[in-house]
Amino acid sequence: MTPTRRWCAALLGLCATFAYAQTDLLGAARAALAHDPVYASAVAQSQADATKRRQGQAGYLPQISATAGIGYGDINQQTSAARFSGPGFGSNEGIGFDTSSAGASDANWALTIKENLYSSAKTATAQQMNAAADAGEVSLQLARQTLLLQVAQAYFDVLLAQDNLAALEAEHDTAVRAHAIAQARFEAGDAAITDASDAQARADLAGAQMIEAQTELDLKRAALRDLTGQPDTALQPLTDSAGLAAIQAGDFADWQKRALQTSPLIRLSSLGVSAAQAESTRYRADGGTSVDAFASYLGQRVNGAGYGGAGGMHSNSAVVGIMVTIPIYSGGMRSAKRDESLALLNKAEMDQDAARVRVARQIRQAYLGLRSAQVRVTALTQAVHSARLQLDANQTGFEAGDRPSIDVLNARSALSNAQRDLAAARYQVAMDRLRLSAAAGDLDDREMAQINALLH
């Protein structure tokens, strides 16, 4: 075994010590949902957004407040040029009143109940809060779908890296065997040294590429490990190409129709338009008018030293009524805010159009990518079969002395390339099917389970 081969074998052995169990795609996805901090942050944000619905409803419910206070000090009041009249006292003008309460203690309290009967501003707030709560739910769905796609991509990236390393190992083994045969023939005088040199050069090249491929595999495993929080395990690979026939592309028009209705991106943009429309209603001509019903009970007690000895003042009042508030002039603030809200409404509508275009493009890319990958899988399956037959024929000819080693090495390289291309196409079929579901807002555990069923 060459030094390069021994070094790669040692790396493979080290990685094998971490493969305590086997993981499938669904297991990796569930682990990521429980571990990923970005998704956990989205869950917390959704929980916070859910409270906005209650915040919006609170504006329509009675508001009850109670206040109380105590104080200490001197109270002096003077009234002059007053008129006094009463039964049996006649009428007198120019009368003055003085009251004094030194070292007085003051206690006051109030209980107020207020309920809004009409306010377009509160209605707009409630609509915006409901839109924000709905947006929180949709954002969480989008974050979940994004994570599921990331896990699937990382999972298949590991499998593809493993396939690449396995293909290079096969090329290296073929080159080592070819070198041994060519070297023996050269020493026996039956072949030129070029045969042995070609095989040695190809073995050295494959060994160097194996080191790079192993590093790439380690990086892909680390990316999956970061998402799932689990140690490296053996991953279940996809079944043969025939199993991918279970993945159906469906009808393109149907995908587009579903996406317009259920895509998280489009739903978020629609909620943005709803919130902007509600904001614009705040600044209509009647937008600032509000009507409130209220009831209040107030009391005050003052005790201290007056002119003639101990004195005090006690008062209680209970009031119910209707209060109407109409803004008349705000220095131009309301008109400026109205213009701002209309401009932002136009922006939200443009963002909605942009979201529709973006989702339509995602559907088109995933759909065409899926159909193309399915065709490529069929073609590459045949290519792998043909490349294997070519390798067998060249191998037989080389062992019989009718072919040079370079023919075997080239045939082995052609087979490896076809195998790698086939593996990449098969993973693309699975990924584009998941991307289609995500663009339409349908990517969930059920969709993941369908792809997971193709693993073994």
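**A tour from the strands to helix α10**

Select strand β2 first: of its 24 residues the number buried (under 20% relative accessible area, with exposed over 50% and partly exposed in between, for a 1.4 Å probe and protein chains only) is one, so β2 lies largely in the open. The model is a predicted one, in which local features need pLDDT of at least 70 and side-chain atom pairs count only at pLDDT 80 or more, while totals for chains, interfaces and linings use all residues. Residues are numbered from 1 along each chain as its sequence is written, and side-chain values use heavy atoms, with hydrogens and water left out.

Keep β2 (residues 63-86) on screen and add strand β3 (residues 90-119), with which β2 pairs in the antiparallel sense over 20 bridges; strands (E, at least two residues) and helices (H or I, at least four) are DSSP runs numbered from the N terminus, and two strands pair if DSSP finds at least two bridges between them. Along this pairing, Gly71 stands opposite Asp106 in β3, and Gln77 stands opposite Thr99 in β3.

Next add strand β5 (residues 290-306), which pairs with β3 in the antiparallel sense over 15 bridges; here Asn116 stands opposite Asp292 in β5.

Turn now to the cavity, a set of points on a 1 Å grid over the protein atoms alone where a 1.4 Å probe fits but cannot get out, its lining residues having an atom within 4 Å of a point. The structure holds one cavity of 30 Å³ or more, and the largest cavity has a volume of about 110 Å³, a volume being the space filled by probe spheres set on the points, which are joined across faces, edges and corners. To display the lining, select Thr23, Ala28, Val158, Arg221, Leu224, Arg225, Thr228, Gln230, Pro231, Asp232, Thr233 and Leu235. Helix α5 (residues 193-228) supplies the largest share of this lining, four residues.

Move on to helix α8 (residues 333-399), whose 67 residues should span 99 Å at 1.5 Å a residue, which agrees with end C-alpha atoms 92 Å apart; the expected span is 1.5 Å times one less than the number of residues. After α8 comes Gly401, whose phi is positive, near 85 degrees.

Finish at Glu447 in helix α10 (residues 445-452), which counts as buried at 6% relative accessibility. The side chain of Glu447 makes a polar contact with the side chain of Arg446 (3.3 Å), a polar contact being a pair of N or O atoms within 3.5 Å where, within protein, one must be able to donate a hydrogen and the other to accept it, and residues adjacent in sequence count only if both atoms are side-chain atoms.

How values were computed. On a 1 Å grid over the protein atoms alone, a cavity is a set of points where a 1.4 Å probe fits but cannot get out, and a pocket is an open set with protein on both sides within 12 Å along at least five of seven lines; lining residues have an atom within 4 Å of a point.
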